[in-house]
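Here's a protein model to explore, with an eye on its hollows and on a place where helices meet. Have the structure open while you read.

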Amino acid sequence: MNGAESLVHTLVANGIDVCFANPGTSEMHFVAALDRIPGIRCIPGMQENVVTGMADGYHRIARTPAATLLHCGPGLANGLANLHNARRAHSGIVNIVGDQATYHSQYDPPLAADTAALARTVSVWVRTSTNAINVGRDASVAIQAAKTHPGQIATLILPADTAWTEGGVIGEAPPVPTPEHIDQHTILEIARTLRSAKNVLLLLGSDALRAGAQVHAARIQTKTGCRVMTEMFNGLHQRGHGRLPLSRVPFSPAPAIAALAGVEHLILVGSKAPVGFFAYPGVPSKHYPETAQVQVLARLEQDSEAALAALADELRCPPPAIISTGERPAAPTGLPSSLAFGQMLAAVMPDDSIVVDEGISFAHAFYEASHNAPPHDWMNVTGGAIGYGLPA
């Protein structure tokens, strides 16, 4: 078994069954192994940023990582824009990046690059395999990193000779860390705020926007009267009938600052305190009041649904009820606008649609118009890098 074959066997053994690929010469032994060994569906993309965008969209829906196959440092560089979006969406991805043979890189061939440095700009975990024996073990650790809640990018760099050399060993599946425990003291402190304070905003992001977590956010809102909103750009937001109708923090500074002007207590659940997409002269970077008290119920690496459920129970909120929304809007007439486009989408989308939204400046009213659409998943271009929509 060569290193490439041990890599494929390790991916399959660890539950990776899709590979989005744009390979080159240094990856041919891995491509050959993918052909010979069953268990992985290989989907080619015509350019690396298409490949990484597909892997991002895949994780947002499947909630499990796919692999990518990229050609050397420049190929990885071509895919960085959508890996930037994937990092902001907390998507789990295992990048396999081919590289010069270990003994050949010293001659500085044309495709030689500091691949590891490029990978570190978007990856939580980066490693270069040094020989065929280590490839399977390195791959298993990469998968462990990618599966760590809520999802992370791991990049394994594979010099060509580690792929073609015999002596590969299948990597054992290491345990995937469970989400970090929610501290009971935090629950008590935030419950105290919700019982006694006014003008409290519960800001949801990441996995707090899954349907199950929204049920508990609705319980808290019903009991305490707090406001509930979402971050502007979300990896996946489950919306429509039966889900909590949530407004986003606006994109533009003036509307965002106005929307948050009265907030005295900001509670973060899988989210970050709102700041501007860009800086503008004379406009504060923070869009929430400087006087607001900020508390964190759940960090990204924690289980937001469990945190919201524990908080709702501590507040003795009523059991979950069916979240009711209004009638689906009719198709609009008149001139095109952001609101009209959102209304049109809500009027015609079928049940269980997936909406991939690369709009930024024009898309500001899409959410408001589609609260009453059938149940659907909505995915935003989380990092602002263009070229995300079609691949995802």
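## The second largest pocket

Let's start with the second largest pocket, which has a volume of about 180 Å³ in this predicted model. Its lining is made of 14 residues, and the ones nearest the centre are R87, H90, V124, G151 and Q152. Try finding those five in the viewer first.

What kinds of residues line this second largest pocket? Sorted by class, there are six nonpolar, six polar and two charged ones.

## The largest pocket

Now move to the largest pocket, which holds about 1,100 Å³ of space. You'll find 46 residues in its lining, with R88, H90, E231, F233 and K272 lying nearest its centre. Did you spot H90? That residue is also among those nearest the centre of the second largest pocket, so to speak a familiar face.

Which helices and strands help build the lining of the largest pocket? At least two residues each come from α3 (48–62), α5 (80–89), α7 (132–147) and β12 (293–298). Of these, α5 gives the most, with four residues. As for chemistry, the lining of the largest pocket splits into 18 nonpolar, 18 polar and ten charged residues.

## A closed-off cavity

Besides pockets, there's a cavity to look for. Counting cavities of 30 Å³ or more gives just one, and its volume is about 30 Å³.

Which residues line the largest cavity? They are H237, R239, G240, R243, L244, P245, L246 and H371. By class, that lining has three nonpolar, three polar and two charged residues.

## Where two helices cross

Finally, look at helix α9 (residues 184–196) and helix α12 (residues 304–314). Their axes come within 9 Å and cross at roughly 55°. How should we describe that angle? Angles of 65 to 115 degrees count as roughly perpendicular and those under 35 as roughly parallel, and α9 and α12 are therefore oblique to each other. The crossing of α9 past α12 is right-handed.

Who does the touching? On the α9 side, it's Q184, I187, L188, I190, A191, L194 and R195, and on the α12 side, it's A307, A310, L311 and E314. The residues of this contact include eight nonpolar ones, plus one polar and two charged.

Key:
Residues numbered from 1 in each chain as written. Predicted model: local features only at pLDDT ≥ 70, side-chain atom pairs only at ≥ 80, totals over all residues. Heavy atoms only, no water. Axes fitted to C-alpha atoms, helices over the stretch in contact; angles between N-to-C directions. Parallel < 35°, antiparallel > 145°, perpendicular 65-115°, else oblique. Left-handed = near helix turned anticlockwise from the far one by under 90°. Contact = heavy atoms within 4.5 Å. Nonpolar A, V, L, I, M, F, W, Y, C, P; charged D, E, K, R; others polar. 1 Å grid on protein atoms, 1.4 Å probe; cavity = no way out; pocket = protein on both sides within 12 Å on 5 of 7 lines; lining within 4 Å. Points joined across faces, edges and corners; volume = space filled by probe spheres on them.
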